Amino acid sequence: MAIRQAALDDVTQIALLASQKRRQYEKYQPVFHKESGKALELHTAFLKDILPKGNNLVWVSETGGHLDGFIIGVIVNAPPVYAPGGKICFVDDFMVEDPGLWATVGRGLLGRVLDEAKEKGAVLANVVCGPLDQPKRDLLSGGGFQVASEWHVKNIGEEAR
């Protein structure tokens with residue numbers, strides 16, 4: 001396993017891994033996480049746009065020429081109503097190919113992003129994780145992360161009545 005900064009050549013594999021995560025989360029919450037028919041195309045374009053930007057921290061794990069995980073962090077200002085003491089590192093896209101890789105690949109990717117975020121002045125990391133994504137939750141709680149908030153969703157469309 002080698003952890004390295006992502007390159008434009010990695011975009012397709014990253015987008016395919018993200019699609020795998022979206023399908024997993026869609027099973028957990030089929031309305032909120034319903035995958036768009038254009039998700040792969042849109043995410044590929046998004047990745048090509050963010051890779052060259054300096055406030056984005058994009059790392060991949062590669063084993064034998066194959067990407068088995070990635071993480072995307074972005075350094076942002078905290079919401080103005082909060083004062084954590086500096087910028088935050090927001091991690092939304094973070095996945096490994098197999099749940100058994102969270103303890104190794106996931107830990108390595110997260111550590112790399114946290115180190116870089118700290119170097120860039122971030123004082124807090126905010127990592128998104130689905131409530132039923134237990135292996136990822138275990139990694140986060142084992143690394144000292146605490147749940148700060150949860151999103152609760154309900155379908156209020158025609159199907160819900």
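**Notes on two helix pairs**

1. A good place to start is the first helix pair: V11, I14, A15, L16, A18, S19 and R22 in α1 meet A39, L40, H43, T44, L47 and K48 in α2 (contact means heavy atoms within 4.5 Å). By class, this contact of α1 with α2 holds eight nonpolar, three polar and two charged residues (Ala, Val, Leu, Ile, Met, Phe, Trp, Tyr, Cys and Pro count as nonpolar, Asp, Glu, Lys and Arg as charged, and the others, Gly among them, as polar).

2. Please keep in mind that this is a predicted model, where local features need pLDDT of at least 70, side-chain atom pairs count only at pLDDT 80 or more, and totals for chains, interfaces and linings use all residues. Residues are numbered from 1 along each chain as its sequence is written, and side-chain values use heavy atoms, with hydrogens and water left out.

3. S19 sits in helix α1 (residues 11-28). S19 is buried, at a relative accessible area of 8% (buried means under 20%, with a 1.4 Å probe and protein chains only). Apart from neighbours within four places in sequence, S19 touches E35 and L40.

4. On geometry, the axes of α1 and helix α2 (residues 39-50) come within 9 Å and cross at roughly 135° (axes are lines fitted to C-alpha atoms over the stretch in contact, and angles run from 0 to 180 degrees between N-to-C directions).

5. In the second pair, helix α3 (residues 102-119) packs against helix α4 (residues 134-142) at an angle of about 55°, with axes 10 Å apart. Here W102, G106, R107 and L110 in α3 meet P135, K136, L139 and L140 in α4. That contact has five nonpolar, one polar and two charged residues.

Conventions:
Helix = DSSP H or I, 4+ residues; strand = E, 2+ residues; numbered from the N terminus. Buried < 20%, exposed > 50% of the residue type's maximum accessible area, 1.4 Å probe, protein only.
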